[in-house]
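Thank you all for coming. I would like to walk you through one structure that is new to most of this group, and I ask you to keep the picture in view while I talk.

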Amino acid sequence: MAMFRRLIAALVIGGTAVLLLVMAWPQLFGVQRLGVVVQLVSLRGLAIAVALALVVVLLLLALFIRGFRPLAASLTVLLLAFAAVSGAVLGTRGFGPGDSIDPAQRAADSVTVMAWNTLGPATEAVDVASLALEVEADVVVLPETREEDAIAAALLMREAGQPMWVLTSAYDRISPARSTSMLVSVSLGEYRFEPDARTTSVLPTLVATPVDGEGPTLVAVHAVAPIQGQMDNWRSDLALLAELCSGDDIIMAGDFNSTIDHFSGLGSPDSGAQAGAQADPRAAAARLGDCTDAAALAGAGAVGTWPTSVPAPLGAPIDHVMATDAWHVDGFRVIDDRDATGSDHRPVVAVLSPAA
């Protein structure tokens with residue numbers, strides 16, 4: 001019987017060790033886009049909190065169950081190691097507020113990009129316009145926003161002296177989630193929607209190019225969520241987004257329904273290799289195609305953007321602003337004072353300037 005208990009304990013310890021290792025760094029096994037692992041690695045902050053709570057439970061049980069102490073000690077060590085490794089990963093990505101997005105500190109040729117999944121009519125046009133005007137956004141990416149709601153926000157911005165072009169891609173009129181809109185400042189020139197561009201499978205991604213050929217290609221992203229029945233579509237969406245960010249002058253933003261853990265293996269080998277402002281060691285693990293995540297470069301890559309029902313450090317950073325090496329990240333911020341406006345996503349804002 002004692003031998004059987006030891007065998008069971010060894011299996012529990014071994015299985016827990018493997019599970020925690022996969023959760024801490026799934027890239028080691030190449031499973032970062034596989035099934036349940038996708039969800040587990042999305043919420044690293046929450047996973048750390050759960051691990052520490054389990055440590056407390058194990059210690060309490062060990063106080064009262066003498067025979068459980070050896071197993072509790074082993075599991076405690078594993079959980080603490082998992083929390084330490086996961087905390088180190090998040091620490092390198094950054095829990096900070098990000099670099100400044102103060103309009104007064106921006107370069108004259110900078111571009112401010114805001115992305116906010118509005119959850120359809122849950123976020124009113126006045127809230128979108130108010131934030132866009134506050135941060136002086138040049139590009140506003142709005143997943144789950146119908147054309148009429150985007151127009152309403154643009155009209156409010158025009159009345160405030162910031163006229164915007166309105167572009168929308170919609171798969172149908174049944175659900176707001178099937179529409180993705182983008183507002184582009186007229187100061188950037190006229191942009192057109194590329195209806196023939198390849199797009200994500202379930203929810204629309206919008207590609208816009210400057211009419212006169214001067215300026216970056218803008219991509220408004222909405223990848224499908226990695227839920228049961230959509231995993232293949234989600235993986236194909238990420239592969240497509242990596243292809244869409246293939247070039248020299250591209251800015252893409254929106255709801256990727258993915259963290260930078262899921263991007264692993266989808267970055268172009270030469271992306272970020274050039275010397276200069278974008279040559280940052282944090283960029284190596286934060287690439288999708290030729291694009292690099294602005295949050296990671298600004299030291300805010302671990303700040304959760306979804307859901308708003310949990311504190312940002314415990315949430316999943318799945319909303320991004322990304323750009324090619326033609327752009328330097330001057331500032332980035334996850335906006336956390338709009339959690340009561342209705343959406344389950346926090347808006348993100350990045351300030352980009354042409355790389356020297």
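**A walk through the predicted model**

Let me begin inside the sheet, where Val 113 stands opposite Val 139 in strand E2. Before I go further, please keep in mind that what you see is a predicted model. The strand that carries that contact on the other side is E1, residues 111–115, and E1 and E2 pair in the parallel sense over 3 bridges. To get from E1 to E2 the chain passes through helix H5, residues 125–135, and this β-α-β crossover is right-handed.

E2 also has a partner in strand E4, residues 179–185, and here the pairing is antiparallel, over 5 bridges. If you want a residue to look for in that pairing, take Val 140, whose bridge partner in E4 is Leu 183.

How many of the residues of strand E2 are buried? The strand covers residues 139–143, and 5 of its 5 residues are buried. On one side you find Val 139, Val 141 and Pro 143, on the other Val 140 and Leu 142, and both of these faces are covered.

The loops at the two ends of this strand deserve a moment as well. In the loop between H5 and E2 sits Glu 136, which has a positive phi of about 55° although it is not a glycine. In the loop between E2 and helix H6, residues 147–159, sits Glu 144, and phi of Glu 144 is positive too, near 60°. As for their surroundings, Glu 136 counts as partly exposed because its relative accessible area is 46%, whereas Glu 144, at 14%, counts as buried.

Now to the disulfide. The structure holds 1 disulfide, and it joins Cys 245 to Cys 291, with the two sulfur atoms 1.6 Å apart. This pair links distant parts of the chain, since Cys 245 lies in the loop between helix H7 and strand E8 while Cys 291 lies in strand E10, 46 residues apart. The torsion about the S-S bond is about 70°, so the disulfide is right-handed. Cys 245 is buried, with a relative accessible area of 0%, and Cys 291 is likewise buried, at 0%.

Let me turn to charged side chains. Side chains of opposite charge can pair when their charged atoms come close. In this model there are 10 salt bridges, and I will describe a few of them.

One of them brings together the side chains of Asp 261 and Arg 44, at 2.9 Å from N to O. Asp 261 belongs to helix H8, residues 260–263, and Arg 44 to helix H3, so that this contact links parts of the chain 217 residues apart. Are these two residues buried or exposed? Both Asp 261 and Arg 44 are buried. They also take part in a network of salt bridges, in which Arg 44, Arg 93 and Asp 261 are linked.

Another salt bridge, between Asp 232 and Arg 235, has its N to O distance at 3.0 Å. Here both residues lie in helix H7, 3 residues apart, which is about one turn of the helix. Asp 232 is exposed, with a relative accessible area of 57%, and Arg 235 counts as partly exposed, at 28%.

A further example is the salt bridge of Arg 346 with Asp 339, whose closest N and O atoms are 3.2 Å apart. Arg 346 counts as buried because its relative accessibility is 2%, while Asp 339, at 26%, is partly exposed.

Moving to the surface, I would point you to a nonpolar patch formed by Val 56, Val 57, Leu 60, Leu 61, Leu 63, Phe 64 and Ile 65, which together have about 690 Å² of accessible area. Val 56 lies in helix H3, residues 44–64, and with 48% relative accessibility Val 56 counts as partly exposed.

Two local details remain. The peptide bond from Trp 306 to Pro 307 is cis, with omega near -10°, and Pro 307 is found in the loop between helix H9 and strand E11. Lastly, Gly 267, in the loop between H8 and strand E9, is 20 residues from Arg 287 in sequence, yet their C-alpha atoms are 4.8 Å apart in space.

Notes: Residues numbered from 1 in each chain as written. Predicted model: local features only at pLDDT ≥ 70, side-chain atom pairs only at ≥ 80, totals over all residues. Heavy atoms only, no water. Patch = residues over 30% accessible without salt bridge, like charges linked within 9 Å, V, L, I, M, F, W, Y side chains within 5 Å. Areas by Shrake-Rupley, 256 points an atom, 1.4 Å probe, with all protein chains shown as cover. Salt bridge = Lys/Arg side-chain N within 4 Å of Asp/Glu carboxyl O. Helix = DSSP H or I, 4+ residues; strand = E, 2+ residues; numbered from the N terminus. Buried < 20%, exposed > 50% of the residue type's maximum accessible area, 1.4 Å probe, protein only. Disulfide = S-S within 2.5 Å. Pairing = 2+ DSSP bridges. Right-handed = clockwise from strand over helix to strand, strands pointing away.
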